[in-house]
Amino acid sequence: QGKRCLPVEIKSGKDYRRHTALNNVLAVDEWSFEKAYVFCKNNVEAEGKVRYLPWYMAMFLQQESVSGLLVDTDFSGLKIL
């Protein structure tokens, strides 16, 4: 989201509330994530910083426009055939 990261996890099983890696990421105070999304087969729910959303709602995630980023690419190692 813009210059911020948004933690996302996709779950396929029934225990979609079990997300140890995501919990570990959210526990790091220096990163200060406001929220995280778990896409699963269930309906919309919220618990703390985690928002549970059905899989089909992943198509509604949108990238915020970011201005002022400079991407420097180096193609000198490529060989033209």
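**Core, surface patch and salt bridges**

Student: Leaving aside its neighbours within four places in sequence, which residues is Phe-33 in contact with?

Tutor: This is a predicted model, in which local features need pLDDT of at least 70, side-chain atom pairs count only at pLDDT 80 or more, and totals for chains, interfaces and linings use all residues. Residues are numbered from 1 along each chain as its sequence is written, and side-chain values use heavy atoms, with hydrogens and water left out. Taking contact as heavy atoms within 4.5 Å, and with those neighbours set aside, the partners of Phe-33 are Cys-5, Pro-7, Val-25, Leu-26 and Lys-49.

Student: Which element gives the most to the largest nonpolar core?

Tutor: A nonpolar core is a set of buried Ala, Val, Leu, Ile, Met, Phe, Trp, Tyr and Cys residues joined through side-chain atoms within 4.5 Å, where buried means under 20% relative accessible area, exposed over 50%, and partly exposed in between (1.4 Å probe, protein chains only). The largest one has nine residues, namely Tyr-16, Leu-22, Leu-26, Phe-33, Ala-36, Val-38, Cys-40, Val-50 and Tyr-52. Two or more of these come from each of helix H1 (20–26), strand E2 (36–40) and strand E4 (50–54), the elements being DSSP runs numbered from the N terminus (helices H or I, at least four residues; strands E, at least two). With three residues, the most is given by E2.

Student: Is Phe-39 buried or exposed?

Tutor: Phe-39 lies in strand E2, and its contacts beyond four places in sequence include Val-8, Ile-10, Leu-53, Trp-55 and Leu-61. Because its relative accessibility is 1%, Phe-39 counts as buried.

Student: Which residues are joined into one network by salt bridges that share partners?

Tutor: A salt bridge is a side-chain nitrogen of Lys or Arg within 4 Å of a carboxyl oxygen of Asp or Glu, and by this rule the count comes to three. In one of them, the closest N and O atoms of Glu-45 and Arg-17 are 2.1 Å apart; Glu-45 lies in strand E3 (residues 45–47) and Arg-17 in the loop between strand E1 (8–10) and H1, so this pair ties together parts that are 28 residues apart in sequence. Arg-17 also forms a salt bridge with Glu-47, at 2.6 Å between the closest N and O atoms. Through the shared partner, the network consists of Arg-17, Glu-45 and Glu-47.

Student: What is the relative accessible area of Trp-55?

Tutor: Trp-55 lies in the segment after E4. Trp-55 is partly exposed, because its relative accessible area is 42%.
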